[in-house]
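Thanks for making time this morning. I would like to walk through one model with you, starting from a single residue and working outwards to the sheets and the core.

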Amino acid sequence: GKSYSKLRVVFSFYALGMEDNDSFCLDSSTDGGNTWSEEQCWDSNDIRNKVWNDDEAVEFGVSNASSVSIRFRCNGSDRKDDVLISYVEIQGLP
């Protein structure tokens with residue numbers, strides 16, 4: 001198969017109830033989910049509630065990985081902190 005040195009994850013999200021100390025993150029794993037690396041986090045400075053944030057893009061290196069898993073992780077302070085994700089595209093880059 002093709003080999004890539006980087007991945008680009010493009011997605012759209014909609015935040016509800018995210019406050020000053022809340023954030024959400026994109027993590028990656030190259031060992032089947034045993035360990036995770038934080039690639040990027042968004043906090044209240046980056047997030048506007050009740051607005052679709054379209055085409056957010058994150059690039060990160062994946063050299064020598066035979067497979068890569070990604071996850072979105074929400075760090076909310078209560079049960080009403082939500083991040084809805086409508087679209088995810090994963091692109092391999094040389």
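Let me begin with Asn-53, which sits in strand 4, residues 52-61, where strands are DSSP runs of E of at least two residues, helices are runs of H or I of at least four, and both are numbered from the N terminus. Before I go further, please keep in mind that this is a predicted model, in which local features need pLDDT of at least 70 and side-chain atom pairs count only at pLDDT 80 or more, while totals for chains, interfaces and linings use all residues. Residues are numbered from 1 along each chain as its sequence is written, and side-chain values use heavy atoms, with hydrogens and water left out.

Asn-53 has a relative accessible area of 14% and is therefore buried; buried means under 20% relative accessible area, exposed means over 50%, and partly exposed lies in between, with a 1.4 Å probe and protein chains only. What does the side chain of Asn-53 have beside it? A polar atom of that side chain lies 3.0 Å from the backbone oxygen of Val-51. Leaving aside residues up to four places away in sequence, Asn-53 touches Phe-11, Ser-12, Phe-13 and Arg-48, where contact means heavy atoms within 4.5 Å.

Phe-11 takes us across to strand 1. With the same sequence exclusion, Phe-11 touches, among others, Phe-24, Trp-42, Asn-53, Phe-72 and Tyr-87. Strand 1 itself is mostly covered, since eight of its eleven residues are buried.

Now the sheet around strand 1. It is an open sheet of three strands in the order 4-1-6, with antiparallel pairing, and two strands are taken to pair if DSSP finds at least two bridges between them. The edge strands are strand 4 and strand 6, each of which pairs on one side only. The twist from one strand to the next averages 20°, with axes as lines fitted to C-alpha atoms, for helices over the stretch in contact, and angles running from 0 to 180 degrees between N-to-C directions. Strand 1 is joined to strand 4 by eight antiparallel bridges, and within that pairing Val-9 has Val-58 as its bridge partner. On the other side, strand 1 pairs with strand 6, residues 82-93, over eleven bridges, again in the antiparallel sense; there Tyr-14 is partnered with Leu-84, and Arg-8 stands opposite Gln-91.

There is also an open sheet of three strands in the order 3-2-5, likewise with antiparallel pairing. Strand 3 and strand 5 (69-75) are at its edges with a single partner strand each, so one side of each has no neighbour in the sheet. Strand 2 and strand 5 pair over seven bridges, and Phe-24 stands opposite Cys-74 of strand 5.

That brings me to the cysteines. How many disulfides does a search of the whole structure find? The search finds one, taking a disulfide as a pair of cysteine sulfur atoms within 2.5 Å, and it joins Cys-25 to Cys-41 with an S to S distance of 2.0 Å. The torsion about this S-S bond is about 105°, so the disulfide is right-handed. Cys-25 lies in strand 2 (residues 23-29) and Cys-41 in strand 3 (residues 37-43), so the pair ties together parts that are 16 residues apart in sequence. Cys-25 is buried at 1% relative accessible area, whereas Cys-41, at 30%, counts as partly exposed. Cys-74 is in no disulfide, and the nearest cysteine sulfur, that of Cys-25, is 8.9 Å away; Cys-74 is partly exposed, at 37%.

Next, the core. A nonpolar core here is a set of buried Ala, Val, Leu, Ile, Met, Phe, Trp, Tyr and Cys residues joined through side-chain atoms within 4.5 Å. The largest one has 14 residues, and those touching the most other members include Phe-11, Phe-13, Phe-24 and Trp-42. Strand 1, residues 6-16, strand 2 and strand 4 each give two or more residues to this core, and the largest share, five residues, comes from strand 1.

Finally, the overall picture. The protein has zero helices and six strands, and its C-alpha atoms fill a box of roughly 40 × 25 × 20 Å along the principal axes. Of its 94 residues, 28% are buried.

Key. A polar contact is a pair of N or O atoms within 3.5 Å; within protein, one must be able to donate a hydrogen and the other to accept it, and residues adjacent in sequence count only if both atoms are side-chain atoms.
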